[in-house]
Amino acid sequence: METVVIVIHLMVVLALVLVVLLQRSEGGALGMGGGGGGGGLMSSRGTANVLTRATAVLAVAFFVTSLGLSLIAKMGDRPASVLDAVPSATQDLPTSGEGTSGNGILDSLKPREEPTGPQVPAAQ
């Protein structure tokens, strides 16, 4: 579902960029419709009207797909809380001075005694 919305979103973005570039502006841009002639398929006023409406429709489609993608991302896999991985307080924890082999969080972060993968040779 997410991939389909992303593909639609990218197609809308490309179409929106092209339509905006085709519009005639005061600076010239890529302006479609050319010079005076007047006898073309569409007059310059009609072309501007179509491009303006197309821009508005594509802008609405862009916002809808953006909101859809954000909702899909929100409803997707939620990250687990860090506190879910913490051992419960009911486990036997060593009291101060009774040794260092407890089952606390810091003890779980210590490296294991036996290697679990390929080892790097010792420097000479």
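At 28% relative accessibility, F62 falls in the partly exposed class, and this residue is a convenient starting point for describing the predicted model, since F62 takes part in the one aromatic pair that the structure holds. The partner ring belongs to F63, and the two ring centres lie 5.9 Å apart with their planes at 75°, so the arrangement is classed as edge-to-face, the angle being over the 60 degrees that this class requires. The relative accessibility of F63 is 55%, and F63 therefore counts as exposed, the cut-off for that class being over 50%. A description of this kind rests on two quantities, because a pair of aromatic rings is described by the distance of the centres and the angle of the planes.

The backbone oxygen of F62 also lies 3.0 Å from a polar atom in the side chain of T65, a residue found in helix α2, which spans residues 44–75. With a relative accessibility of 9%, T65 counts as buried, because the buried class covers values under 20%. When neighbours within four places in sequence are left aside, the residues in contact with T65 are V5, I8 and H9. The last of these, H9, is placed in helix α1, which comprises residues 2–22, and a polar contact of 2.6 Å joins the side chain of H9 to the side chain of T65. The side chain of T65 is thus described by a 3.0 Å distance to the backbone oxygen of F62 and by a 2.6 Å polar contact with the side chain of H9.

H9 itself is assigned to the buried class, its relative accessibility being 14%. Once neighbours within four places in sequence have been set aside, H9 is in contact with F62, T65, S66 and L69, so that F62, already noted for its ring pairing with F63, appears again in the surroundings of H9.

Further pairs of positions, separated along the chain, were characterised by their C-alpha distances. T3, found in helix α1, and L69 are 66 residues apart in sequence, and their C-alpha atoms are 9.6 Å apart in space; T3 is exposed, with a relative accessible area of 57%, while L69 is also one of the residues in contact with H9. A59, which is located in helix α2, and A15 are 44 residues apart along the chain, with a C-alpha separation of 9.9 Å. The relative accessible area of A59 is 25%, which places A59 in the partly exposed class. For L21, which belongs to helix α1, the corresponding partner is L51, with the two positions 30 residues apart in sequence terms and 10.0 Å between their C-alpha atoms. L21 is likewise assigned to the partly exposed class, at 39% relative accessibility.

At the level of the whole protein chain, the secondary structure amounts to three helices and zero strands, and the order of the elements from the N terminus is α-α-α. Of the contacts between residues at least 6 apart in sequence, 58% join residues at least 24 apart. Buried residues account for 10% of the 124 residues in the protein chain, and both T65, at 9% relative accessibility, and H9, at 14%, are assigned to this class.

The area exposed by the protein chain is about 10,700 Å², of which carbon and sulfur atoms supply 64%. On the surface, I105, L106 and L109 make up a nonpolar patch of about 350 Å². One member of this patch, I105, lies in helix α3, an element that covers residues 105–109. I105 is partly exposed, its relative accessible area being 44%, a value that lies above the 30% needed for a residue to be included in a patch.

Notes:
Residues numbered from 1 in each chain as written. Predicted model: local features only at pLDDT ≥ 70, side-chain atom pairs only at ≥ 80, totals over all residues. Heavy atoms only, no water. Helix = DSSP H or I, 4+ residues; strand = E, 2+ residues; numbered from the N terminus. Buried < 20%, exposed > 50% of the residue type's maximum accessible area, 1.4 Å probe, protein only. Contact = heavy atoms within 4.5 Å. Areas by Shrake-Rupley, 256 points an atom, 1.4 Å probe, with all protein chains shown as cover. Phe/Tyr/Trp six-rings, centres within 6.5 Å; stacked < 30°, edge-to-face > 60°. Polar contact = N/O pair within 3.5 Å; in protein donor to acceptor, adjacent residues only side chain to side chain. Patch = residues over 30% accessible without salt bridge, like charges linked within 9 Å, V, L, I, M, F, W, Y side chains within 5 Å. Salt bridge = Lys/Arg side-chain N within 4 Å of Asp/Glu carboxyl O.
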